[in-house]
Amino acid sequence: MAKIQLNGRKLELNKKYSIFTLLKKYKIISKKIAVEVNGKIVNKNQYNSFYLKNKDKIEIVHFIGGG
Amino acid sequence: MKKDFLKIDSQILKSRLIVGTGKYKDFKETALAVKASGASMVTVAVRRINILDKKKPLLTDFLDPKKIKYLPNTAGCFSAEESLRTLRLAREMGGWKMIKLEVLGDKKTLYPNMIETLKATKVLVKEGFKVLVYCSDDPLLAKELEYLGASAIMPLASPIGSGQGIQNKINLSIIIKNSKVPIIVDAGIGTASDATIAMEMGCDGVLINSAIAKSNNPILMAESFKNSVISGRQSFLAGRMQKLFYADASSPSKGLI
(Lines give C-alpha, C1' and ligand atoms only; values in the text may rest on other atoms or scores of the structure.)
Protein backbone atom coordinates (compact mmCIF):
# COMPACT_ATOMS: atom_id res chain seq x y z
CA MET A 1 0.00 0.00 0.00
CA ALA A 2 1.46 3.34 -1.05
CA LYS A 3 1.14 6.54 0.95
CA ILE A 4 1.27 9.46 -1.44
CA GLN A 5 0.65 13.17 -1.39
CA LEU A 6 -1.73 14.49 -4.03
CA ASN A 7 -1.95 18.27 -4.44
CA GLY A 8 -0.84 18.70 -0.86
CA ARG A 9 -3.29 16.12 0.57
CA LYS A 10 -2.13 12.85 2.14
CA LEU A 11 -3.64 9.81 0.47
CA GLU A 12 -3.38 6.04 0.85
CA LEU A 13 -3.65 3.95 -2.26
CA ASN A 14 -5.07 0.47 -1.71
CA LYS A 15 -3.71 -0.95 -4.95
CA LYS A 16 -1.13 -0.26 -7.59
CA TYR A 17 -1.93 2.95 -9.38
CA SER A 18 -0.52 4.37 -12.56
CA ILE A 19 -1.05 8.05 -13.28
CA PHE A 20 -3.62 6.97 -15.85
CA THR A 21 -5.66 5.01 -13.31
CA LEU A 22 -5.30 7.75 -10.70
CA LEU A 23 -6.72 10.31 -13.15
CA LYS A 24 -9.51 7.87 -13.99
CA LYS A 25 -10.33 7.42 -10.28
CA TYR A 26 -10.80 11.17 -9.92
CA LYS A 27 -12.45 11.58 -13.33
CA ILE A 28 -9.81 14.01 -14.52
CA ILE A 29 -9.50 14.61 -18.26
CA SER A 30 -5.83 14.25 -19.08
CA LYS A 31 -5.71 16.75 -21.93
CA LYS A 32 -6.71 19.60 -19.61
CA ILE A 33 -4.03 19.04 -17.00
CA ALA A 34 -0.33 18.53 -16.38
CA VAL A 35 1.20 16.14 -13.86
CA GLU A 36 4.35 16.47 -11.84
CA VAL A 37 5.75 13.72 -9.62
CA ASN A 38 8.41 14.66 -7.08
CA GLY A 39 9.09 17.90 -8.91
CA LYS A 40 9.47 16.33 -12.34
CA ILE A 41 6.93 16.64 -15.14
CA VAL A 42 5.53 13.36 -16.41
CA ASN A 43 4.80 13.44 -20.14
CA LYS A 44 1.27 12.55 -21.18
CA ASN A 45 2.46 9.52 -23.12
CA GLN A 46 3.91 8.07 -19.91
CA TYR A 47 0.70 8.17 -17.86
CA ASN A 48 -0.01 4.50 -18.55
CA SER A 49 3.39 3.19 -17.63
CA PHE A 50 4.22 5.53 -14.73
CA TYR A 51 3.34 3.75 -11.48
CA LEU A 52 3.09 5.62 -8.20
CA LYS A 53 5.18 4.51 -5.28
CA ASN A 54 5.34 5.18 -1.56
CA LYS A 55 6.05 8.81 -0.55
CA ASP A 56 5.51 10.16 -4.06
CA LYS A 57 4.43 13.79 -4.17
CA ILE A 58 2.04 14.38 -7.04
CA GLU A 59 0.87 17.71 -8.34
CA ILE A 60 -1.94 17.94 -10.88
CA VAL A 61 -2.49 21.43 -12.30
CA HIS A 62 -4.77 23.15 -14.76
CA PHE A 63 -5.52 26.64 -16.01
CA ILE A 64 -7.62 29.02 -13.97
CA GLY A 65 -8.47 32.69 -14.38
CA GLY A 66 -5.54 35.02 -13.84
CA GLY A 67 -4.07 38.34 -14.90
CA MET B 1 -7.15 51.71 -42.92
CA LYS B 2 -4.74 48.90 -43.74
CA LYS B 3 -5.02 45.95 -41.38
CA ASP B 4 -3.01 46.85 -38.33
CA PHE B 5 -2.36 43.74 -36.28
CA LEU B 6 -0.13 43.14 -33.30
CA LYS B 7 2.71 40.79 -34.15
CA ILE B 8 4.54 39.10 -31.29
CA ASP B 9 7.24 36.79 -32.55
CA SER B 10 5.39 34.97 -35.36
CA GLN B 11 2.02 35.24 -33.64
CA ILE B 12 -0.42 37.67 -35.21
CA LEU B 13 -3.11 39.09 -32.95
CA LYS B 14 -6.05 40.96 -34.41
CA SER B 15 -6.56 42.96 -31.24
CA ARG B 16 -3.94 45.03 -29.46
CA LEU B 17 -5.81 44.47 -26.23
CA ILE B 18 -4.87 41.45 -24.15
CA VAL B 19 -7.09 40.76 -21.18
CA GLY B 20 -6.60 38.91 -17.92
CA THR B 21 -9.18 36.39 -16.73
CA GLY B 22 -8.85 36.83 -12.96
CA LYS B 23 -11.03 38.62 -10.38
CA TYR B 24 -14.38 38.12 -12.17
CA LYS B 25 -17.58 37.14 -10.38
CA ASP B 26 -17.74 33.85 -12.27
CA PHE B 27 -16.57 32.24 -15.50
CA LYS B 28 -19.70 33.35 -17.31
CA GLU B 29 -18.88 36.99 -16.62
CA THR B 30 -15.25 36.33 -17.61
CA ALA B 31 -16.34 34.90 -20.95
CA LEU B 32 -18.76 37.75 -21.66
CA ALA B 33 -16.16 40.38 -20.80
CA VAL B 34 -13.51 38.69 -22.95
CA LYS B 35 -15.95 38.60 -25.85
CA ALA B 36 -16.89 42.26 -25.41
CA SER B 37 -13.21 43.25 -25.24
CA GLY B 38 -12.53 41.75 -28.67
CA ALA B 39 -9.23 40.40 -27.33
CA SER B 40 -7.56 37.58 -29.25
CA MET B 41 -5.36 36.56 -26.34
CA VAL B 42 -6.08 36.10 -22.61
CA THR B 43 -3.78 35.49 -19.69
CA VAL B 44 -4.42 32.47 -17.49
CA ALA B 45 -2.84 31.13 -14.32
CA VAL B 46 -1.63 27.63 -13.48
CA ARG B 47 -2.95 26.17 -10.25
CA ARG B 48 -3.67 22.83 -8.54
CA ILE B 49 -6.91 21.19 -9.62
CA ASN B 50 -9.58 20.67 -7.01
CA ILE B 51 -9.54 16.91 -6.46
CA LEU B 52 -12.56 16.82 -4.17
CA ASP B 53 -14.96 19.11 -5.99
CA LYS B 54 -15.11 17.69 -9.47
CA LYS B 55 -18.28 19.53 -10.35
CA LYS B 56 -16.58 22.89 -10.09
CA PRO B 57 -16.70 24.61 -13.48
CA LEU B 58 -13.50 24.93 -15.47
CA LEU B 59 -12.19 28.01 -17.25
CA THR B 60 -11.66 25.93 -20.40
CA ASP B 61 -15.42 25.17 -20.49
CA PHE B 62 -16.13 28.89 -20.86
CA LEU B 63 -13.13 30.06 -22.87
CA ASP B 64 -12.14 27.56 -25.53
CA PRO B 65 -8.33 27.58 -25.94
CA LYS B 66 -8.89 26.61 -29.58
CA LYS B 67 -10.82 29.82 -30.19
CA ILE B 68 -8.90 32.27 -28.05
CA LYS B 69 -5.18 32.18 -27.43
CA TYR B 70 -4.17 31.34 -23.87
CA LEU B 71 -1.14 33.11 -22.46
CA PRO B 72 -0.12 31.18 -19.34
CA ASN B 73 1.37 33.39 -16.65
CA THR B 74 3.48 32.88 -13.56
CA ALA B 75 1.46 35.06 -11.23
CA GLY B 76 2.27 34.29 -7.62
CA CYS B 77 5.82 33.16 -8.37
CA PHE B 78 8.57 34.89 -6.41
CA SER B 79 11.64 33.25 -7.92
CA ALA B 80 13.02 32.25 -11.30
CA GLU B 81 12.84 28.62 -10.23
CA GLU B 82 9.11 28.74 -9.33
CA SER B 83 8.34 30.53 -12.59
CA LEU B 84 10.21 27.96 -14.66
CA ARG B 85 8.38 25.13 -12.92
CA THR B 86 5.00 26.74 -13.60
CA LEU B 87 5.71 27.45 -17.26
CA ARG B 88 7.09 24.00 -17.97
CA LEU B 89 3.83 22.59 -16.57
CA ALA B 90 1.85 25.03 -18.74
CA ARG B 91 3.75 23.85 -21.79
CA GLU B 92 3.07 20.23 -20.88
CA MET B 93 -0.64 20.98 -20.62
CA GLY B 94 -1.04 21.73 -24.27
CA GLY B 95 2.13 22.87 -25.94
CA TRP B 96 1.97 26.51 -24.95
CA LYS B 97 5.21 28.18 -25.96
CA MET B 98 4.12 31.78 -25.76
CA ILE B 99 3.95 32.67 -22.10
CA LYS B 100 3.93 35.61 -19.73
CA LEU B 101 6.79 35.69 -17.27
CA GLU B 102 6.07 37.52 -14.06
CA VAL B 103 8.45 37.13 -11.15
CA LEU B 104 7.27 39.12 -8.19
CA GLY B 105 9.59 40.63 -5.65
CA ASP B 106 7.37 42.07 -2.97
CA LYS B 107 3.91 41.09 -1.74
CA LYS B 108 2.74 44.61 -1.02
CA THR B 109 3.70 46.30 -4.28
CA LEU B 110 3.84 43.17 -6.48
CA TYR B 111 6.79 44.92 -8.04
CA PRO B 112 8.82 42.61 -10.30
CA ASN B 113 12.03 41.07 -9.04
CA MET B 114 14.11 42.01 -12.07
CA ILE B 115 17.17 39.98 -11.08
CA GLU B 116 15.10 36.78 -11.04
CA THR B 117 13.15 37.94 -14.12
CA LEU B 118 16.35 38.30 -16.15
CA LYS B 119 17.55 34.90 -14.94
CA ALA B 120 14.29 33.19 -15.88
CA THR B 121 14.07 34.93 -19.27
CA LYS B 122 17.47 33.59 -20.23
CA VAL B 123 16.52 29.99 -19.41
CA LEU B 124 13.06 30.20 -21.02
CA VAL B 125 14.41 31.61 -24.28
CA LYS B 126 16.98 28.81 -24.34
CA GLU B 127 14.19 26.25 -23.85
CA GLY B 128 12.31 27.62 -26.84
CA PHE B 129 9.63 29.63 -25.03
CA LYS B 130 8.33 32.86 -26.54
CA VAL B 131 8.59 35.08 -23.50
CA LEU B 132 6.44 38.13 -22.81
CA VAL B 133 7.99 39.72 -19.77
CA TYR B 134 6.30 41.74 -17.05
CA CYS B 135 8.96 44.18 -15.90
CA SER B 136 9.74 47.44 -14.20
CA ASP B 137 9.72 50.60 -16.33
CA ASP B 138 13.50 50.84 -16.34
CA PRO B 139 14.74 51.51 -19.90
CA LEU B 140 18.06 49.72 -19.37
CA LEU B 141 16.48 46.57 -17.98
CA ALA B 142 13.89 46.59 -20.77
CA LYS B 143 16.72 46.68 -23.29
CA GLU B 144 18.50 43.90 -21.43
CA LEU B 145 15.38 41.72 -21.72
CA GLU B 146 15.35 42.38 -25.45
CA TYR B 147 19.02 41.33 -25.69
CA LEU B 148 18.16 38.12 -23.82
CA GLY B 149 15.57 37.29 -26.47
CA ALA B 150 12.24 38.34 -24.96
CA SER B 151 9.43 38.35 -27.54
CA ALA B 152 7.70 41.33 -25.93
CA ILE B 153 8.48 43.71 -23.09
CA MET B 154 5.66 44.45 -20.67
CA PRO B 155 6.52 47.33 -18.37
CA LEU B 156 4.13 48.22 -15.57
CA ALA B 157 2.21 51.50 -15.71
CA SER B 158 1.86 51.39 -11.91
CA PRO B 159 1.56 48.52 -9.37
CA ILE B 160 -0.58 45.51 -10.37
CA GLY B 161 -4.26 46.03 -9.60
CA SER B 162 -3.69 49.58 -8.30
CA GLY B 163 -5.51 51.34 -11.14
CA GLN B 164 -3.12 54.28 -10.84
CA GLY B 165 -2.52 54.65 -14.57
CA ILE B 166 0.80 55.49 -16.22
CA GLN B 167 3.02 56.97 -13.53
CA ASN B 168 6.24 57.39 -15.45
CA LYS B 169 5.57 58.53 -19.00
CA ILE B 170 9.16 59.54 -19.62
CA ASN B 171 10.52 56.07 -18.84
CA LEU B 172 7.79 54.44 -20.88
CA SER B 173 8.54 56.73 -23.84
CA ILE B 174 12.23 55.86 -23.70
CA ILE B 175 11.43 52.15 -23.54
CA ILE B 176 9.11 52.45 -26.58
CA LYS B 177 11.64 54.47 -28.54
CA ASN B 178 14.52 52.07 -27.87
CA SER B 179 12.75 48.78 -28.37
CA LYS B 180 12.77 46.54 -31.41
CA VAL B 181 10.22 44.15 -29.90
CA PRO B 182 6.60 45.01 -29.01
CA ILE B 183 5.97 47.01 -25.85
CA ILE B 184 2.80 46.06 -24.03
CA VAL B 185 1.83 48.02 -20.96
CA ASP B 186 0.96 45.53 -18.27
CA ALA B 187 -0.42 46.38 -14.84
CA GLY B 188 -1.77 49.54 -13.29
CA ILE B 189 -4.10 50.74 -16.04
CA GLY B 190 -7.17 52.05 -14.22
CA THR B 191 -9.60 53.15 -16.86
CA ALA B 192 -10.11 53.32 -20.62
CA SER B 193 -8.40 56.69 -21.09
CA ASP B 194 -5.20 55.30 -19.52
CA ALA B 195 -5.11 52.69 -22.28
CA THR B 196 -5.67 55.36 -24.93
CA ILE B 197 -2.75 57.36 -23.53
CA ALA B 198 -0.50 54.28 -23.58
CA MET B 199 -1.45 53.55 -27.20
CA GLU B 200 -1.06 57.20 -28.24
CA MET B 201 2.43 57.13 -26.79
CA GLY B 202 3.25 54.33 -29.19
CA CYS B 203 2.80 51.19 -27.12
CA ASP B 204 2.05 48.16 -29.26
CA GLY B 205 -0.60 46.85 -26.92
CA VAL B 206 -2.00 46.85 -23.41
CA LEU B 207 -2.82 44.08 -20.96
CA ILE B 208 -5.82 44.74 -18.75
CA ASN B 209 -7.41 42.73 -15.98
CA SER B 210 -8.48 44.59 -12.81
CA ALA B 211 -9.70 47.72 -14.64
CA ILE B 212 -12.29 45.58 -16.42
CA ALA B 213 -13.04 42.96 -13.77
CA LYS B 214 -13.34 45.46 -10.92
CA SER B 215 -15.54 47.90 -12.83
CA ASN B 216 -19.20 48.11 -11.79
CA ASN B 217 -20.08 46.77 -15.22
CA PRO B 218 -17.19 44.63 -16.45
CA ILE B 219 -18.80 43.78 -19.78
CA LEU B 220 -19.44 47.40 -20.70
CA MET B 221 -15.96 48.36 -19.49
CA ALA B 222 -14.47 45.59 -21.63
CA GLU B 223 -16.07 47.14 -24.69
CA SER B 224 -14.90 50.57 -23.59
CA PHE B 225 -11.31 49.26 -23.46
CA LYS B 226 -11.70 47.73 -26.89
CA ASN B 227 -12.63 51.15 -28.26
CA SER B 228 -10.02 53.03 -26.25
CA VAL B 229 -7.19 50.84 -27.52
CA ILE B 230 -8.33 51.21 -31.14
CA SER B 231 -8.76 54.95 -30.60
CA GLY B 232 -5.32 55.40 -29.09
CA ARG B 233 -3.68 53.33 -31.80
CA GLN B 234 -5.39 55.30 -34.58
CA SER B 235 -4.40 58.53 -32.91
CA PHE B 236 -0.77 57.36 -32.70
CA LEU B 237 -0.74 56.31 -36.37
CA ALA B 238 -2.35 59.58 -37.47
CA GLY B 239 0.09 61.69 -35.45
CA ARG B 240 -1.10 64.44 -33.19
CA MET B 241 -1.07 68.15 -34.03
CA GLN B 242 1.77 70.29 -32.81
CA LYS B 243 1.23 71.97 -29.44
CA LEU B 244 1.23 75.78 -29.62
CA PHE B 245 1.77 78.24 -26.83
CA TYR B 246 -0.91 80.69 -28.06
CA ALA B 247 -4.21 80.27 -29.87
CA ASP B 248 -4.54 79.61 -33.59
CA ALA B 249 -8.05 80.41 -34.88
CA SER B 250 -9.91 77.57 -36.55
CA SER B 251 -11.96 79.85 -38.85
CA PRO B 252 -10.17 81.84 -41.58
CA SER B 253 -9.85 85.59 -40.99
CA LYS B 254 -10.04 86.30 -44.76
CA GLY B 255 -13.48 87.62 -45.79
CA LEU B 256 -14.33 88.61 -42.26
CA ILE B 257 -17.20 91.13 -42.26
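How many residues of chain A are in contact with residues of chain B, and how many of chain B with chain A? In this predicted model, 26 residues of chain A are in contact with 31 residues of chain B. The legends below take up each chain, the interface and two single residues.

**Figure 1. Chain A, with 1 helix and 5 strands.** The elements of chain A follow the order β-β-α-β-β-β along the sequence. Chain A is as compact as a globular protein of its length, because its radius of gyration of 12 Å is close to the 11 Å that the globule rule gives for 67 residues. Taken along the principal axes, the box filled by its C-alpha atoms is roughly 40 × 25 × 20 Å. Of the 67 residues in chain A, 43% are buried. Where contacts in chain A have a separation of 6 or more, 52% are between residues 24 or more positions apart.

**Figure 2. Surface and charges of chain A.** About 4000 Å² of chain A is exposed, and carbon and sulfur atoms supply 50% of this area. Chain A carries 15 positive and 4 negative charges, and the mean positions of the two sets are 7 Å apart.

**Figure 3. Chain B, with 9 helices and 10 strands.** For 257 residues the globule rule gives 18 Å, and the radius of gyration of chain B is close to this at 20 Å, so chain B is as compact as a globular protein of that length. The C-alpha trace of chain B spans about 85 × 40 × 35 Å along its principal axes. Buried residues account for 50% of the 257 in chain B. Among contacts between residues at least 6 apart in the sequence of chain B, 65% join residues at least 24 apart.

**Figure 4. Surface and charges of chain B.** The accessible surface of chain B is about 13400 Å², and 53% of it belongs to carbon and sulfur atoms. The 38 positive and 24 negative charges of chain B have mean positions 4 Å apart.

**Figure 5. The interface between chain A and chain B.** The size of an interface is often given as the accessible area lost when the parts come together. Here the area buried between chain A and chain B is about 2600 Å², and carbon and sulfur atoms give 63% of it. On the chain A side, the most area is lost to chain B by A:His62, A:Phe63 and A:Gly67, which together make up 29% of what that side buries.

**Figure 6. Close-up of A:His62 in strand E5 of chain A.** Strand E5 covers residues 57-65. A:His62 counts as buried because its relative accessibility is 13%, under the 20% cut-off. Leaving out residues up to four places away in sequence, A:His62 touches A:Lys32 and A:Ile33 within chain A. Across the interface, A:His62 touches B:Ala45, B:Val46, B:Arg47, B:Arg48, B:Ile49, B:Leu58 and B:Met93. A:His62 is also one of the three residues of chain A that lose the most area to chain B.

**Figure 7. Close-up of B:Leu13 in strand E2 of chain B.** Strand E2 comprises residues 11-13. With a relative accessibility of 2%, B:Leu13 counts as buried. Apart from neighbours within four places in sequence, B:Leu13 is in contact with B:Phe5, B:Leu6, B:Ile8, B:Ser40 and B:Met41. B:Arg85 lies 72 residues from B:Leu13 in sequence, and their C-alpha atoms are 27 Å apart in space.

How values were computed
Residues numbered from 1 in each chain as written. Chains lettered and ligands numbered in written order. Predicted model: local features only at pLDDT ≥ 70, side-chain atom pairs only at ≥ 80, totals over all residues. Heavy atoms only, no water. Helix = DSSP H or I, 4+ residues; strand = E, 2+ residues; numbered from the N terminus. Rg over C-alpha atoms; globule rule 2.2 N^0.38 Å. Buried < 20%, exposed > 50% of the residue type's maximum accessible area, 1.4 Å probe, protein only. Contact = heavy atoms within 4.5 Å. Areas by Shrake-Rupley, 256 points an atom, 1.4 Å probe, with all protein chains shown as cover. Lys, Arg positive; Asp, Glu negative; His and termini not counted. Charge placed at Lys NZ, Arg CZ, Asp CG, Glu CD. Buried area = accessible area lost by both parts, 1.4 Å probe.
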